[in-house]
Amino acid sequence: MDYKLFEDYITLQALLKDLRIIASGGAVKSFLAETTVLFNGQDEKRRGKKLRIGDVVELPEKNLTITLVQPSNEEMAQHQEDKAEKERVAALVKKMSQKNTKKQKKPKFKTQRPAQKEGQGKQKSDRRPVRFPGT
């Protein structure tokens, strides 16, 4: 199986996730512990291992060989267009989101405590119990 690599590298975790061999990034650690993964013929257990064009990843238990190949010029151009469009849409969404949050902001009112008589400190009834995080 050929995998077209559009960036400089991809991590082993991202490759396995992108090919839907694992369901999530959290599952990769146990997957690598339980499964034999060969990187260019050598056993690999690092999920962050950088894979580049020309590298071969084998999963003997699944009878699967993945070769990282360079995409054609047309595919690369299409990928760049898609990436630029995705960034443009993300910028628009961010701008709209900021605009909406500015409209929805409500003035914050300060809560006032009841006025105390002059010369009096806090009464027992005014004291609140000490709260610790997590309780």
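This report describes the fold, the sheet, the nonpolar core and several individual residues of a predicted protein model.

**Overall architecture**

The protein has 135 residues, of which 18% are buried. Its secondary structure amounts to 3 helices and 7 strands. In sequence order the elements run β-β-α-α-β-β-β-β-β-α. Taking the contacts between residues at least 6 apart in sequence, 47% join residues at least 24 apart.

**The sheet**

Five strands form an open sheet with mixed pairing, in the order β1-β7-β6-β3-β4. The edges are occupied by β1 (2-4) and β4, each of which has a single partner strand, so one side of each has no neighbour in the sheet. In general, the strands of a sheet pair through backbone hydrogen bonds, in either a parallel or an antiparallel sense. Strand β3 (residues 38-39) and β6 are antiparallel and share 2 bridges. One residue pair can be named here: Phe 39 has Val 57 of β6 as its bridge partner.

**The nonpolar core**

The largest nonpolar core contains 18 residues, and the members that touch the most others are Leu 15, Leu 16, Phe 31, Leu 51 and Val 57. Two or more residues of this core come from each of α1, α2, β6 and β7. Val 57 is thus named both among these core members and as the bridge partner of Phe 39.

Leaving out residues up to four places away in sequence, Leu 51 touches Leu 5, Asp 8, Tyr 9, Ile 10, Thr 11, Leu 12, Leu 15, Phe 39, Val 57 and Leu 68. Two residues in this contact list, Leu 15 and Val 57, are also named among the core members that touch the most others. Tyr 9, another contact of Leu 51, has the charged end of Lys 50 over its ring, 4.6 Å from the ring centre. The structure holds 0 aromatic pairs.

**Glu 44 and Arg 46**

Glu 44 is placed in the loop between β4 and β5, and Arg 46 is found in the loop between β4 (42-43) and β5 (50-51). The side chains of Glu 44 and Arg 46 make a polar contact of 2.7 Å. Is Glu 44 buried or exposed? Glu 44 counts as buried because its relative accessibility is 6%, which is under the 20% limit.

With residues up to four places away in sequence set aside, Glu 44 is in contact with Leu 12, Leu 32, Val 37, Phe 39 and Lys 49. On the same basis, Arg 46 touches Leu 12 and Leu 32, both of which also appear among the contacts of Glu 44. The C-alpha atoms of Arg 46 and Gln 13 are separated by 8.6 Å, while the two residues are 33 residues apart along the chain.

**Positive phi outside glycine**

Two residues that are not glycine, Arg 20 and Asn 63, have positive phi values. The table gives their values and places.

| Residue | Phi | Relative accessibility | Loop |
|---|---|---|---|
| Arg 20 | about 60° | 74% | between α1 (12-18) and α2 (28-34) |
| Asn 63 | near 55° | 73% | between β6 (56-59) and β7 (64-69) |

Arg 20 counts as exposed because its relative accessibility is 74%, and Asn 63 counts as exposed at 73%.

Terms used: Residues are numbered from 1 along each chain as its sequence is written. This is a predicted model: local features need pLDDT of at least 70, side-chain atom pairs count only at pLDDT 80 or more; totals for chains, interfaces and linings use all residues. Side-chain values use heavy atoms; hydrogens and water are left out. Helices (H or I, at least four residues) and strands (E, at least two) are DSSP runs, numbered from the N terminus. Buried means under 20% relative accessible area, exposed over 50%, partly exposed in between (1.4 Å probe, protein chains only). Contact means heavy atoms within 4.5 Å. A nonpolar core is a set of buried Ala, Val, Leu, Ile, Met, Phe, Trp, Tyr and Cys residues joined through side-chain atoms within 4.5 Å. Rings of Phe, Tyr and Trp (its six-membered ring) pair if their centres lie within 6.5 Å; planes under 30 degrees apart count as stacked, over 60 as edge-to-face and the rest as tilted. A charge sits over a ring if NZ of Lys or CZ of Arg is within 6 Å of the ring centre and within 35 degrees of the ring normal. Two strands pair if DSSP finds at least two bridges between them. A polar contact is a pair of N or O atoms within 3.5 Å; within protein, one must be able to donate a hydrogen and the other to accept it, and residues adjacent in sequence count only if both atoms are side-chain atoms.
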